[in-house]
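Student: Could you take me through one part of this model closely, and then place that part within the chain as a whole?

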Amino acid sequence: MENGYVYRLETPSDWRAAEALTREAFWNVYRRGCDEHYIVHRLRKSPYVVETLNYVCTDGDRLCGHIFYTRTQVAADDGQVFPVLSFGPLSVAPAHQRRGIGSHLVRMTLEKAAGMGFPGVLITGNPDYYHRFGFRPASDFHIAAEDGSSFPALMACELGEGRLNGVRGRLHFCREFTEID
């Protein structure tokens, strides 16, 4: 328990509530409507999902926070492939935002991911928010988006000193993130 909230691994019985929470958290935030909840739904049975890092936060029997991890990779021009992690969406119910729930979910799961031996986590997100957790521009690590572009929202967090050394190339998120109708 942290600040009166319970943090625990997500279970299949949480899936529907987690997707509804994600829709509520992202609806009309970055654009009209949202698709983050649909991405999570599409990924549920994917082999890329890292179930041991997908956590929820509850307030009693109500879900108020959720973080969702997937395996992804950085592909170098020479054909080398480097396995890394990604998370997203990170969702907190609007009524529970700015109470440290998202921060706790990120810090807790980054620590667990480091203990599992992953070299780093790459995301797209708000740099002003994620820098506090150690995220830096992915370009600092010579990592670009799949199309070769670089932009401030593309960030990387090394899960231990030097663990992303030598990881260079283009980040390839799961197709479920990019192939949305």
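Tutor: What follows starts from the strand that holds Thr 72 and moves outward to other parts of the chain. This is a predicted model, in which local features need pLDDT of at least 70 and side-chain atom pairs count only at pLDDT 80 or more, while totals for chains, interfaces and linings use all residues. Residues are numbered from 1 along each chain as its sequence is written, and side-chain values use heavy atoms, with hydrogens and water left out.

Thr 72 sits in strand 3, residues 62-75, where helices (H or I, at least four residues) and strands (E, at least two) are DSSP runs numbered from the N terminus. Thr 72 counts as buried because its relative accessibility is 8%; buried means under 20% relative accessible area, exposed over 50%, and partly exposed in between, with a 1.4 Å probe and protein chains only. Not counting residues up to four places away in sequence, Thr 72 touches Phe 82, Pro 83, Val 84, Leu 85, Ser 86, Leu 171, His 172, Phe 173 and Cys 174, a contact being heavy atoms within 4.5 Å. A polar atom of the Thr 72 side chain also lies 2.3 Å from the backbone oxygen of His 172.

Strand 3 pairs with strand 9, residues 169-172, in the antiparallel sense over 3 bridges, pairing being assigned if DSSP finds at least two bridges between two strands. In this pairing Val 74 stands opposite Leu 171 of strand 9. Strand 9 also pairs with strand 7, residues 143-144, in the parallel sense over 2 bridges, and there Ala 144 stands opposite Arg 170.

Gln 97 offers a second view, from the loop between strand 4 (81-92) and helix 3. With a relative accessible area of 32%, Gln 97 is partly exposed. The C-alpha atoms of Gln 97 and Cys 64 are separated by 8.9 Å, although the two residues are 33 residues apart along the chain. Leaving out residues up to four places away in sequence, Gln 97 touches Ala 25 and Val 92, and its side chain reaches the backbone oxygen of Val 92 at 2.9 Å.

Beyond that loop comes helix 3, residues 101-115, whose 15 residues reach 21 Å from the first C-alpha to the last, close to the 21 Å expected at 1.5 Å a residue; the expected span is 1.5 Å times one less than the number of residues. Its buried residues include Leu 105, Val 106, Met 108 and Leu 110. Just after helix 3, Gly 117 takes a positive phi of about 90°.

Leu 105 leads on to Arg 8, since the two are 97 residues apart in sequence and 9.8 Å apart in space, C-alpha to C-alpha. Arg 8 is found in strand 1, residues 6-9, and counts as partly exposed at 31% relative accessibility. Apart from neighbours within four places in sequence, Arg 8 is in contact with Asp 14, Tyr 55, Val 56 and Thr 58.

As for the whole, the chain has 5 helices and 9 strands. Its radius of gyration is 16 Å, close to the 16 Å that the globule rule gives for 181 residues, so the chain is as compact as a globular protein of that length; the radius is taken over C-alpha atoms, and the rule is 2.2 Å times the number of residues to the power 0.38. Buried residues make up 49% of the 181 residues.

Note on methods. Polar contact = N/O pair within 3.5 Å; in protein donor to acceptor, adjacent residues only side chain to side chain.
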